[in-house]
Amino acid sequence: MGTRDYHYTECGLDNVIVTGAGFDVVDDNGERIVEIPAVGMLHKAIAEGLINQNGALGGQEIRFLRTELGMTQAELAKLLHRDTQSVGRWERNKCPIEPTQDMTLRQITRDRLKVNLPRDTEALSAIVTPQASRQQIKIKRNEGTPNPYQSAAA
């Protein structure tokens, strides 16, 4: 079995790679299964990777962050001074999130999830432009430590 990179799509994102994963285990029937410990900590590391990546947030990413924040579309819309339909359109990639709302969502995520976002407002403004392709979110697994996952962006 050993450790290998794991393409973690269970979170609803298609660009998350966990390095040094070692999630393969054998169940009682001898079947190979994937077991992911500390999913909450993994999702927190993914959120940190998302808010630190270059490029405007896409629909899957907005939905992931909103869910991790424990918010409904209506709650996020109210916080960002938009209507619920706007959040739904962003999440379905029907229209892009505006740069100001993108920056604010990143800052809300930083504050509520207590993750690292080392950029000041000017630097953050420079990264929220649409990109032609999505970057991979790389998460390093550090087994046996208090925080078993770390965003490569941190």
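**Entry 1: the sheet**

I began with a pair of facing residues: I139 stands opposite S151 in β6. I note at the outset that the model is predicted. Helix α1, residues 39-52, packs on the sheet and touches β2 (16-19), β5 and β6. I recorded an angle of about 5° between the direction of α1 and that of β6.

I then asked in what order the strands of the open sheet stand. The sheet has four strands in the order β1-β2-β5-β6, and their pairing is mixed. β1 (6-7) and β6 (149-151) stand at the edges with a single partner strand each, so one side of each has no neighbour in the sheet.

I went through the pairings one by one. β1 and β2 are antiparallel and share two bridges; here H7 stands opposite I17 in β2. β2 and β5 are parallel, with four bridges, and V16 stands opposite I137 in β5. β5 and β6 run antiparallel and are joined by three bridges.

**Entry 2: the two faces of β2**

I looked up which way the side chains of β2 point. In a regular strand, side chains alternate between the two faces of the sheet. In β2, V16 and V18 point one way, while I17 and T19 point the other way. I found all four of these residues buried.

**Entry 3: R141**

I next located R141, which is found in strand β5, residues 137-141. Is R141 buried or exposed? Its relative accessibility is 11%, and because buried means under 20%, R141 counts as buried.

I listed the contacts of R141, leaving aside neighbours within four places in sequence. R141 touches V18, T19, G20, A21, G22 and F23, and also P37, P148 and Y149. Of these contacts, V18 and T19 belong to the buried residues of β2 noted above.

**Entry 4: the largest pocket**

I turned to empty space in the model. Rolling a probe the size of a water molecule over the atoms shows where such space is left. The largest pocket holds about 160 Å³, and 10 residues line it. Which of them lie nearest its centre? They are K44, A45, E48, N147 and Y149.

I also checked where the lining comes from. α1 and β6 each supply at least two residues, and α1 gives the most, with four. By class, I recorded five nonpolar, three polar and two charged residues in the lining. One of the residues nearest the centre, Y149, is also in contact with R141.

**Entry 5: R89 and helix α4**

I then examined a second arginine, R89, in helix α4, residues 84-91. R89 is partly exposed, because its relative accessible area is 33%, and partly exposed covers the range between under 20% and over 50%. Leaving aside neighbours within four places in sequence, R89 is in contact with D83, K94 and C95.

How far apart in space are R89 and G59? The two are 30 residues apart in sequence, and the distance from C-alpha to C-alpha is 8.1 Å.

I looked up the rest of the helix as well. S86, V87, G88, W90 and E91 of α4 are buried. The buried residues of α4 pack against α2 (59-68), α3 (73-79) and α5 (99-113). Just after α4, I noted that N93 takes a positive phi of about 60°.

Key. Residues are numbered from 1 along each chain as its sequence is written. This is a predicted model: local features need pLDDT of at least 70, side-chain atom pairs count only at pLDDT 80 or more; totals for chains, interfaces and linings use all residues. Side-chain values use heavy atoms; hydrogens and water are left out. Buried means under 20% relative accessible area, exposed over 50%, partly exposed in between (1.4 Å probe, protein chains only). Contact means heavy atoms within 4.5 Å. Two strands pair if DSSP finds at least two bridges between them. Axes are lines fitted to C-alpha atoms, for helices over the stretch in contact, and angles run from 0 to 180 degrees between N-to-C directions. On a 1 Å grid over the protein atoms alone, a cavity is a set of points where a 1.4 Å probe fits but cannot get out, and a pocket is an open set with protein on both sides within 12 Å along at least five of seven lines; lining residues have an atom within 4 Å of a point. Grid points are joined across faces, edges and corners, and a volume is the space filled by probe spheres set on the points. Ala, Val, Leu, Ile, Met, Phe, Trp, Tyr, Cys and Pro count as nonpolar, Asp, Glu, Lys and Arg as charged, and the others, Gly among them, as polar.
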